[in-house]
Amino acid sequence: MTRRSIGIIVNGVTGRMGYRQHLVRSLLAIRESGGVALADGTTIWPEPVLVGRNETKLRELAERHGLTEWTTDLTSALARDDVEIYFDAQVTQQREKAIRQAIEAGKHIYTEKPLAEDTAAALDLARAADAAGVRTGVVQDKLFLPGLRKLKRLIDGGFFGRILSVRGEFGYWVFEGDWQPAQRPSWNYRAEDGGGIVVDMFPHWHYVLEELFGRVTAVSCVTATHVPERVDEAGQPYAATADDAAYATFELDGGMIAQINSSWAVRVYRDELVEFQVDGTEGSAVAGLRNCRVQHRAVTPKPVWNPDLPATEDFRDQWAEVPDNEEFDNGFKVQWEAYLRHVVADEPFRWDFLAGARGVQLAELGLRSAREGGRIEVPELRS
Ligand SMILES: NC(=O)c1ccc[n+]([C@@H]2O[C@H](COP(=O)([O-])OP(=O)(O)OC[C@H]3O[C@@H](n4cnc5c(N)ncnc54)[C@H](O)[C@@H]3O)[C@@H](O)[C@H]2O)c1
């Protein structure tokens, strides 16, 4: 068995996503499971090089995990020959500049979403990476979640008949930061720092809708900043300048309609933090992060509207759980493995910078729709 080591810069590793999902649950978990096995018996072995702004935090983090490679100097990390991949989980605003640097250094690039702050920049990054011949990838973790994998299985198996509509409900209460600390970083609530729920969530909705249902052809969106003042990590009040809720309708190829509410100012009365209900002529499903329930037309009840009587049946009881039928690994890890196989063994990987740019485009057009108060068509982006 040959071990193929591959140096990977993990920039923004001290952040929520960089540390937990990408370093610990993906790259280190891959090492714990023996590396990524290829068909020819080779295993890909990630060698993380931690990059960030704070020396103390980086050293502490490296020691905690028995890692030796870390630096606050991105340029020197990019100059290393043993580093082949640049990964970015920094705050969104810092991403474009760092990715450009990585393209110039000839590294393959994998990044958190959104790829950039606007469509023009995202498309330009896609084109520059193409011209440099480097392999790109953007995180689309929701596709690899058990609930959505089961939903995809239902679609592929023809369960729904003709799909009519999708209803998505995402969100939870994010504390304002005064009497309880907020559970998300404060930059998320400042437009000037790249925050806002549209920029954060529409790239996810874009790939979920396109991969499962069809191309998004138009968007109508209303946004709100329901909580106008919050308190930051240092206990200082600040003005929340970004949208913290978005109520959007997406029109899809084939006439399907998707409505998705996204909110950080909603309390959860749901089974999961995100749920999608899909209704089709033959059956319906409700998929969350983990679970997926179905109701076939043959067992669909026939309620009759009568507000004078209490509900006579328990509607939730009338749905059946879709079994796992396989083991689901962490979604971020599964996508990392696919990206590493793409870089090392040339396996196909379609979640590239152009796919990422399409997600950015939907966020940009969603915000435009909210600003202008109307429906916006989504032109197809090409490289
Ligand atoms: N895939 C997902 O589900 C998902 C979920 C949350 C966030 N994200 C994305 O991941 C990225 C990071 O988000 P997060 O929630 O981990 O944020 P975070 O604030 O926890 O981490 C941000 C990281 O960027 C670094 N950084 C570099 N330059 C900075 C600067 N000038 N100001 C502040 N921080 C700076 C920080 O040190 C930190 O390591 C964002 O682009 C976000 O859109 C993705």
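A residue counts as buried when its relative accessible area is under 20%. Keep that cut-off at hand as you move through this predicted model.

**Stop 1: R293 and its partner.** Select R293 in strand β16 (residues 292–296). Its relative accessible area is 19%, so R293 falls on the buried side of the cut-off. Now add D271, whose side chain meets that of R293 in a salt bridge (3.1 Å, N to O). D271 sits in the loop between β13 (257–263) and β14 (274–280), so the pair ties together parts that are 22 residues apart in sequence. Unlike a buried residue, D271 is partly exposed, at 45%. Extend the selection to R316 and E321: shared salt-bridge partners join these two with D271 and R293 into one network.

**Stop 2: two more salt bridges.** How many salt bridges does a search of the whole structure find? The count is 29. Try R4 and E84, whose side chains meet at 3.0 Å, N to O. Here strand β1 (residues 3–11) holds R4 and strand β5 (residues 83–88) holds E84, so the bridge links parts 80 residues apart in sequence. Both ends are partly exposed, R4 at 27% relative accessibility and E84 at 22%.

Next, pick K113 and D200, where the closest N and O atoms of the salt bridge are 3.0 Å apart. K113 belongs to the loop between β6 and α5 (119–132) and D200 to helix α7, so this pair ties together parts 87 residues apart in sequence. K113 is buried at 10%, and D200 is buried at 14%.

**Stop 3: a lysine without a bridge.** Go to K107, in the loop between α4 (92–104) and β6 (108–111). K107 is buried yet has no salt bridge. Which side chain of opposite charge is nearest to K107? That is D81, 5.4 Å away. Leaving aside residues up to four places away in sequence, show the contacts of K107: L78, R80, V83, E84, Y86, A102 and V134. You have already met E84 as the salt-bridge partner of R4.

**Stop 4: a helix pair.** Display α7 (residues 197–212) with α9 (residues 353–372); they pack at about 125 degrees, with axes 8 Å apart. The two helices are therefore oblique to each other, and the crossing is right-handed. For the contact, show V198, V199, F202, P203 and H206 of α7 against A355, R358, G359, L362, A363, G366 and L367 of α9.

**Last stop: T56.** Finish in helix α2 (residues 55–64), at T56. With 57% relative accessibility, T56 counts as exposed. Draw a distance from its C-alpha atom to that of S263 and you span 35 Å.

Definitions and conventions
Residues are numbered from 1 along each chain as its sequence is written. This is a predicted model: local features need pLDDT of at least 70, side-chain atom pairs count only at pLDDT 80 or more; totals for chains, interfaces and linings use all residues. Side-chain values use heavy atoms; hydrogens and water are left out. Helices (H or I, at least four residues) and strands (E, at least two) are DSSP runs, numbered from the N terminus. Buried means under 20% relative accessible area, exposed over 50%, partly exposed in between (1.4 Å probe, protein chains only). Lys and Arg count as positive and Asp and Glu as negative; His and the chain ends are not counted. A salt bridge is a side-chain nitrogen of Lys or Arg within 4 Å of a carboxyl oxygen of Asp or Glu. Contact means heavy atoms within 4.5 Å. Axes are lines fitted to C-alpha atoms, for helices over the stretch in contact, and angles run from 0 to 180 degrees between N-to-C directions. Angles under 35 degrees count as roughly parallel, over 145 as roughly antiparallel, 65 to 115 as roughly perpendicular and the rest as oblique. A crossing is left-handed if the near helix is turned anticlockwise from the far one by less than a right angle, and right-handed if clockwise.
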